[in-house]
Amino acid sequence: MIPTEDSDLMSRGWIPWFGAAFEFGKAPLDFIAQARAKHGPVFTVFAAGKRLTFVTLHEDFRTFFMSKDVDFEQAVQEPVHNTASISKESFYKFHPACNSLIKGRLTPGNLPLLSSHLCEEFNCHLELLGSKGTDGLSDLVRSVMYPAVMSNLLGKSNSPGCPATVQEFKEKFRIYDEGFEYGSQLPEIFLRKWAKSKHWLLSLLGDMVINAEGNSPEFPENGTKTLLQHLVTTITDKFLPNYGLLMLWASLANAIPITFWALAFILSSPSAYRTAMEQITAVLKDQGTERTAVTAAELRELSYVKWCILEAIRPGPRGPSLVGWSAPQDADKFLPNYGLLMLWASLANAIPITFWALAFILSSPSAYRTAMEQITAVLKDQGTERTAVTAAELRELSYVKWCILEAIRLRAPGAITRRVVRPLRMQNYVIPPGDMLMVSPYWAHRNPEYFPDPEEFKPERWEKADLVKNVFLEGFVAFGGGRNQCPGRWYALMEMHMFVTLILYKYEFTLLDPLPSPSSLHLVGTQQPDGPCRVQYRHR
Ligand code: HEM
């Protein structure tokens with residue numbers, strides 16, 4: 001245990017503290033629960049060279065999300081650098097614009113611009129599953145959702161087209177996603193296979209950015225561009241004022257001081273002054289001094305004056321040196337890297353959750369019955385080949401949405417983080433600047449005060465949430481909170497809701513394995529299953 005570091009503040013508790021990298025690293029999710037039971041609601045773990053201070057009481061979450069003494073960007077900058085090779089400078093410059101862009105494009109009001117295209121893509125990729133088969137449920141969900149969501153957010157030409165390219169993408173993305181947590185903390189040389197996948201994905205994103213730069217709207221029916229096209233425009237446009245500034249700077253900052261030095265050198269050297277003046281008067285002859293013309297031809301004859309200028313430019317102990325600028329090429333240097341981050345954020349959480357939602361529904365006879373009754377009542381007797389699911393129909397499919405929210409609750413991200421930038425008071429403690437402040441949505445959702453029978457899959461609990469007004473249940477923090485709350489949450493809910501509805505409407509399933517447990521290996525993001533979950537499926 002160590003004392004708090006700010007003795008000026010009134011509350012001077014001792015934060016329970018322990019160096020526990022090894023136990024923590026083995027199964028971090030389990031470790032958090034054990035540490036909380038043993039040490040109370042606020043405790044610090046020293047792991048991977050960092051102090052991680054966990055806050056576990058709901059009453060402290062508001063401070064975590066809203067306090068000006070904690071910072072999101074400072075918490076994630078280094079992981080972003082390690083996982084997407086974005087420089088610190090570029091990250092601080094572009095992150096706010098990227099965040100506002102995604103938030104703005106994926107508001108509930110904008111989703112109808114994307115949803116009918118997404119529905120077509122789901123239909124098309126679901127048909128590729130064939131009329132029957134046996135597969136891992138998780139793999140099956142990925143095979144359909146990856147290409148459909150990529151087409152919807154990045155553009156049709158940027159979505160893996162044939163089964164072989166889908167397979168290749170799935171494999172590279174799986175390695176990248178599974179190693180994301182370690183990759184965010186360790187240099188690439190310790191993670192060769194992971195680094196290879198990362199560079200493969202970066203190069204893929206490089207090609208995608210080139211495709212996106214064409215900039216004609218991807219969805220001509222409503223003039224909408226893809227999220228990637230908007231990202232390209234945002235980053236390039238944000239740089240435009242910088243180009244302008246650089247050009248202004250370049251045109252003034254060097255030439256004018258050099259002119260000063262050339263004059264100063266000439267005036268302080270009698271022989272240089274004499275020679276320069278002889279040449280100038282010989283060339284310009286006896287023009288008037290009021291409007292004196294100096295033509296290009298005359299400049300060519302004024303060689304000595306030019307030498308004086310070149311001598312002033314020459315870097316040396318007394319002379320100024322010219323600073324070059326190469327920033328224009330840097331403007332979009334990191335575009336593929338931002339693209340990769342966006343791609344990861346859009347696939348890494350929603351797709352495992354879709355797997356869990358389906359697995360929970362299929363393994364609970366009553367949930368399955370209720371969901372199917374609702375789906376068949378709402379979609380009526382449309383054909384199962386090209387099934388349209390509109391926004392209005394999704395609104396009627398409330399039970400399916402509850403199932404999805406319940407799956408998110410049970411498999412919520414292991415931890416989200418902020419960096420403490422000024423001493424932060426919480427409970428009886430003062431948390432010192434530099435600490436990484438951690439909240440675990442996974443454990444927060446297991447607090448029986450907010451979620452009775454917390455381990456049970458109970459979709460009905462969501463009846464109390466005002467989902468029409470987009471309000472979740474109290475205590476639900478799967479999407480984080482405050483200024484940096486997940487900007488993709490409304491899109492995530494829409495895509496999962498639509499996909500689960502479609503696949504259950506089109507196919508009958510038989511579970512071949514018991515419901516797997518969640519793996520406690522990772523803190524970043526939603527959980528993966530820790531064992532197989534195979535299904536047999538057949539077209540209805
Ligand atoms: C079930 C699905 C999802 C979950 C549980 C989830 C959860 C989260 C969480 C917890 C954060 C951090 C928030 C914080 O620290 O307060 C986050 C950030 C983010 N999410 Fe999601 N997310 C999901 C789906 C998506 C989707 C589908 C997209 C994009 C289409 C997306 C885009 C992002 C982005 C870009 C960020 C980073 C925001 C920033 O840098 O400020 N997410 N998400």
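Which residue stands opposite Met438 in β11? In this predicted model, the residue that stands opposite Met438 of β11 is Phe54, and the strand that holds Met438 is a good place to begin a careful reading.

**Strand β11 and its partners**

Strand β11 spans residues 436-439 and is covered on both of its faces, since Met436 and Met438 on one side are buried, as are Leu437 and Val439 on the other. In a regular strand, side chains alternate between the two faces of the sheet. The table lists the two strands that are joined to β11.

| Strand joined to β11 | Residues | Bridges | Direction relative to β11 |
|---|---|---|---|
| β5 | residues 50-55 | three bridges | parallel |
| β8 | residues 416-420 | four bridges | antiparallel |

In the antiparallel pairing of β8 with β11, Arg419 stands opposite Met436.

**The nonpolar core**

The largest nonpolar core contains 124 residues, and those that touch the most other members are Ala357, Cys403 and Ile404. If residues up to four places away in sequence are not counted, Ile404 touches Ala357, Leu493, Met496, His497 and Val500. In soluble globular proteins, nonpolar side chains tend to be buried together.

**Cys486**

According to the unreviewed UniProt entry, the annotation "binding site" covers Cys486, a residue placed in the loop between α22 (441-444) and α23 (489-506). Cys486 counts as buried because 20 other C-beta atoms lie within 10 Å, and the cut-off for a buried residue is 20 or more. When its neighbours within four places in sequence are left aside, Cys486 is in contact with Phe479 and Gly480.

Key. Residues are numbered from 1 along each chain as its sequence is written. This is a predicted model: local features need pLDDT of at least 70, side-chain atom pairs count only at pLDDT 80 or more; totals for chains, interfaces and linings use all residues. A residue is buried if 20 or more other C-beta atoms lie within 10 Å of its own, exposed if 12 or fewer, and partly exposed in between; C-beta atoms are placed from the backbone. Helices (H or I, at least four residues) and strands (E, at least two) are DSSP runs, numbered from the N terminus. Two strands pair if DSSP finds at least two bridges between them. A nonpolar core is a set of buried Ala, Val, Leu, Ile, Met, Phe, Trp, Tyr and Cys residues joined through C-beta atoms within 7 Å. Two residues are in contact if their C-beta atoms, placed from the backbone, lie within 7 Å. UniProt positions are given in the numbering used here, feature names are shortened, and annotations may be inferred rather than shown by experiment.
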